[in-house]
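Student: Please take one part of this model and walk me through it closely. I would like the strands, their partners and their cover, then the chain around them.

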Amino acid sequence: MTGAASGIGRATAARFAADGATVIATDVTDEAGAKAAAAMGARYEHLDVADPDAWTDLVARVDRDHGRIDVLHLNAGVRLGASDPATLDLEAYRRLIDINQHGVLYGLVAALGPLTTAGGDIVVTASRAAVEPLPNDLPYVMAKHAVAGLVRSVAPMLCERNIRINAICPAIVDTGFLAGARHRLEATGLVVMDAEEVAEGVMAILANGSTGECFVQQPGEPPVPFEFAQPPR
């Protein structure tokens, strides 16, 4: 479980732990991550998802200690809020892509060995921005579209190894991304989801048995597969 110190990652890790699962909660915020993990009875590991070597080391330790990985939730992400390419901070852009896009691929690659042993599930936290425009954060929407493409494209090959992969694409969620703006957003008529609702959505996806889908989750509704248009032949 990446990005487990807060938000969707924390809520989903707690949901798994409540079901009796052995949870490895990872984050880069050690104090908050360790505190969150202890509260739910999980094991905390520091992990920079943008570092492929860190992924290799972590998965090797988990495989050694537990012998397998049943579910991998690739959840870590950041926002930049950059809407004008002319003023884009390229260093911040590269860091966002490293976390939101490369971090998903690194996690997938590192976990293939343990997952292939007995099969399992990968759930990637994307966003509704993975299937629609988001003009107020171009790097974020770029990375999330890439993640959706990866999930859809790699699924057939993983299926041959008894591994399912799906993305959850929630609408607006009350996480650190909102920076305390929930009430202001709701005052405009927008509905903001709690992270716990998304955690239930993750569980529903795992129970669904599908693979290669991008499940969109709207407030108060279960996640449903997004129907991508077919290109002209």
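**The hairpin and its neighbours**

Tutor: Start at the hairpin of strand 6 and strand 7, where six residues lie between the strands. Within this hairpin, Gly 220 takes a positive phi near 75°. Keep in mind that this is a predicted model.

The two strands of the hairpin run antiparallel and are joined by two bridges. Strand 7 spans residues 224-225. Its Pro 225 stands opposite Phe 215 of strand 6.

Now look at strand 6 itself, residues 214-217. Cys 214 and Val 216 lie on one side, Phe 215 and Gln 217 on the other. All four of these residues are buried, and both faces of the strand are covered. Here, buried means under 20% relative accessible area.

Strand 6 also pairs with strand 5, residues 163-170. These two run parallel, with four bridges between them. Cys 169 stands opposite Val 216 in strand 6. So much for the hairpin and its partner.

Next, compare another covered strand. Strand 4 covers residues 120-125, and six of its six residues are buried, so it is largely enclosed by the rest of the structure. Gly 120, Ile 122 and Val 124 point one way from strand 4. Asp 121, Val 123 and Thr 125 point the other way. Both sets are buried, and an Asp and a Thr are among them.

Strand 4 has a parallel partner in strand 3, residues 71-74. Four bridges hold this pairing. Val 71 stands opposite Asp 121 in strand 4.

Step back to the whole chain. It has seven helices and seven strands. Along the sequence they follow the pattern α-β-α-β-α-β-α-β-α-β-α-α-β-β. The radius of gyration is 17 Å, close to the 17 Å that the globule rule gives for 233 residues, so the chain is as compact as a globular protein of that length. Its C-alpha atoms fill a box of roughly 50 × 50 × 35 Å along the principal axes.

Burial across the chain comes to 45% of the 233 residues. Contacts reach far along the sequence: among those between residues at least 6 apart, 61% join residues at least 24 apart.

Finally, the surface and the charges. The accessible surface is about 11400 Å², and 53% of it belongs to carbon and sulfur atoms. There are 18 positive and 29 negative side chains. The centres of these two sets lie 2 Å apart.

Technical notes:
Residues are numbered from 1 along each chain as its sequence is written. This is a predicted model: local features need pLDDT of at least 70, side-chain atom pairs count only at pLDDT 80 or more; totals for chains, interfaces and linings use all residues. Side-chain values use heavy atoms; hydrogens and water are left out. The radius of gyration is taken over C-alpha atoms; the globule rule is 2.2 Å times the number of residues to the power 0.38. Buried means under 20% relative accessible area, exposed over 50%, partly exposed in between (1.4 Å probe, protein chains only). Contact means heavy atoms within 4.5 Å. Accessible areas come from the Shrake-Rupley method with a 1.4 Å probe; for residues, only the protein chains shown count as cover. Lys and Arg count as positive and Asp and Glu as negative; His and the chain ends are not counted. The place of a charge is taken as NZ of Lys, CZ of Arg, CG of Asp or CD of Glu. Two strands pair if DSSP finds at least two bridges between them.
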